[in-house]
Amino acid sequence: MNSIICLGNRFVTDDNVGVIVGYLLKKKYPKLNVYICETDTFYTQDVLYENKSIVIVDAVSIGIEIGSFIILPINKLKAQSFLAHDSTLFLNTNTGFLFGIQAGNLNVGYGISYNIKKNLNLYISEVCKLL
């Protein structure tokens, strides 16, 4: 079974979306392998070492409409710099996808943008399709 790695910073508004999606996935589907790594690169590396097929949920900044999402194969991340977190973590990952959610506000603070909040159920559904 694929594992889901959820990245984000709880203290940086829209960057928290990966963490929020992770907790919602765990609540709705308790048997899924969901790892809420937040910004902990060591934990993320451990999870990657144990799971070669993954779905990464993270905020991205690529200039599309706030709350929109992209799905990219992991092998396309090698030279990309649009992730809020270090994409070099995923260089040795064999298979999987990035589920990237366009952030609007990346300032220090709590809460997420309205366009992200209204799409949370859609994100959960779309991430599950990648498993």
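This is a short tour of the sheet in this predicted model and the helices that pack on it.

Start with the whole sheet. Select the five strands and you'll see an open sheet, ordered β2-β1-β3-β5-β4, with mixed pairing. Look at the edges next: β2 (33–38) and β4 sit there with a single partner strand each, so one side of each has no neighbour in the sheet. On average, neighbouring strands here are turned by 20° against each other, ignoring direction.

Now pick β5, residues 95–102. Colour it by burial: six of its eight residues are buried, meaning under 20% relative accessible area, so the strand is largely enclosed by the rest of the structure. Add β3 (residues 53–60), which runs parallel to β5 and is joined to it by eight bridges. Then bring in β4 (residues 69–73), paired with β5 in the antiparallel sense over five bridges.

Which residue of β5 should you click to find the bridge partner of Ala 59? Go for Ile 101. Keep Ile 101 selected, since Phe 69 stands opposite that residue too.

Hop over to β1 (residues 3–7). Five bridges join β1 to β2, and the two run parallel. For a landmark, show Ile 5, with Tyr 35 of β2 opposite.

Last, switch on the helices. Helix α1 (residues 17–28) lies across β1, β2, β3 and β5, and runs at about 150° to β2. Helix α4 (residues 120–129) also packs on the sheet, where it touches β1, β3, β4 and β5. Compare directions there: that of α4 makes about 165° with that of β5.

Methods. Residues are numbered from 1 along each chain as its sequence is written. This is a predicted model: local features need pLDDT of at least 70, side-chain atom pairs count only at pLDDT 80 or more; totals for chains, interfaces and linings use all residues. Side-chain values use heavy atoms; hydrogens and water are left out. Buried means under 20% relative accessible area, exposed over 50%, partly exposed in between (1.4 Å probe, protein chains only). Helices (H or I, at least four residues) and strands (E, at least two) are DSSP runs, numbered from the N terminus. Two strands pair if DSSP finds at least two bridges between them. Axes are lines fitted to C-alpha atoms, for helices over the stretch in contact, and angles run from 0 to 180 degrees between N-to-C directions. Contact means heavy atoms within 4.5 Å.
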